[in-house]
Amino acid sequence: ATSWLKRSAQFFLSLSIDRPNLSTMADALVTAGTAMFDDVLMAKKLPSDVVQRFNECLISGAPTPEEDQKVIADAMYTWARELGAIDFAHWFFPLRGGGGAVGGMLGAFKKDTLIDLDFKSAYVTKPMKACLPHERLFQGETDGSSFPNGGLRVTHSAAAFTTWDRASPPFVMDKCL
């Protein structure tokens, strides 16, 4: 029994040789604020009139005009791809209780790939294209039936919506915008 224990210990110790050196890895909490589409980056990547209207809408609470949404989504897509992003997600906290987390809240996210169908195509079977659809950036729809809701709603009426809190700058982390 002793030799089996010794061999097992040697085996498990040998596994640590292949593990990454955690002290040299980038800390996600340290690097999180370095890839943000914030006011400074928006001023560099967007036309000044788009930035001005975006900020005015943010302050007033008015929706961002659709043409500006397209410009912002295209610039954000290009920037995120430069950072290696292949997906985008809406990170949210559903307004429901009983999730088991402190205060009954439980965070979630809806993740999509930066690919969509090219609806402008004349083909019946639409080809795919790499993009960040402005419609899904500014307001997306989730399948609300996949969230724990205690069976309160039937699947066809369990829709939920996500929207970008424009006061919170988007960021890229782990190849996800």
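A residue counts as partly exposed when its relative accessible area lies between 20%, under which it is buried, and 50%, over which it is exposed. In this predicted model, Arg 136 falls into that middle class, at 24%. Its side chain pairs up with that of Asp 116 in a salt bridge, 3.4 Å from N to O. The two come from distant parts of the chain, with Arg 136 in helix H6 and Asp 116 in strand S3, 20 residues apart.

Arg 136 also turns up next to His 90, whose side chain reaches the backbone oxygen of Arg 136 at 2.7 Å. His 90 sits in strand S1, residues 87-92, and is buried because its relative accessibility is just 9%. Its contacts further along the sequence include Phe 109, Leu 137 and Trp 164.

Seven salt bridges were counted in total. Strand S1 takes part in one of them through Asp 87, which meets Lys 111 at 3.9 Å, N to O. This pair, too, links distant parts of the chain, since Lys 111 belongs to strand S2 and lies 24 residues from Asp 87. Asp 87 is buried at 14%, whereas Lys 111 is partly exposed at 43%. Over in helix H4, Arg 53 and Asp 49 form a salt bridge of 3.5 Å; being four residues apart, they are separated by about one helical turn. Together with Asp 68, they make up a network of salt bridges.

As for open space, the second largest pocket has a volume of about 350 Å³. Lys 120, Lys 129, Pro 133, His 134 and Glu 135 are the closest to its centre among 14 lining residues. Helix H5 gives the most to this lining, three residues.

Technical notes
Residues are numbered from 1 along each chain as its sequence is written. This is a predicted model: local features need pLDDT of at least 70, side-chain atom pairs count only at pLDDT 80 or more; totals for chains, interfaces and linings use all residues. Side-chain values use heavy atoms; hydrogens and water are left out. On a 1 Å grid over the protein atoms alone, a cavity is a set of points where a 1.4 Å probe fits but cannot get out, and a pocket is an open set with protein on both sides within 12 Å along at least five of seven lines; lining residues have an atom within 4 Å of a point. Grid points are joined across faces, edges and corners, and a volume is the space filled by probe spheres set on the points. Buried means under 20% relative accessible area, exposed over 50%, partly exposed in between (1.4 Å probe, protein chains only). A polar contact is a pair of N or O atoms within 3.5 Å; within protein, one must be able to donate a hydrogen and the other to accept it, and residues adjacent in sequence count only if both atoms are side-chain atoms. Contact means heavy atoms within 4.5 Å. A salt bridge is a side-chain nitrogen of Lys or Arg within 4 Å of a carboxyl oxygen of Asp or Glu. Lists of a residue's contacts leave out its neighbours within four places in sequence.
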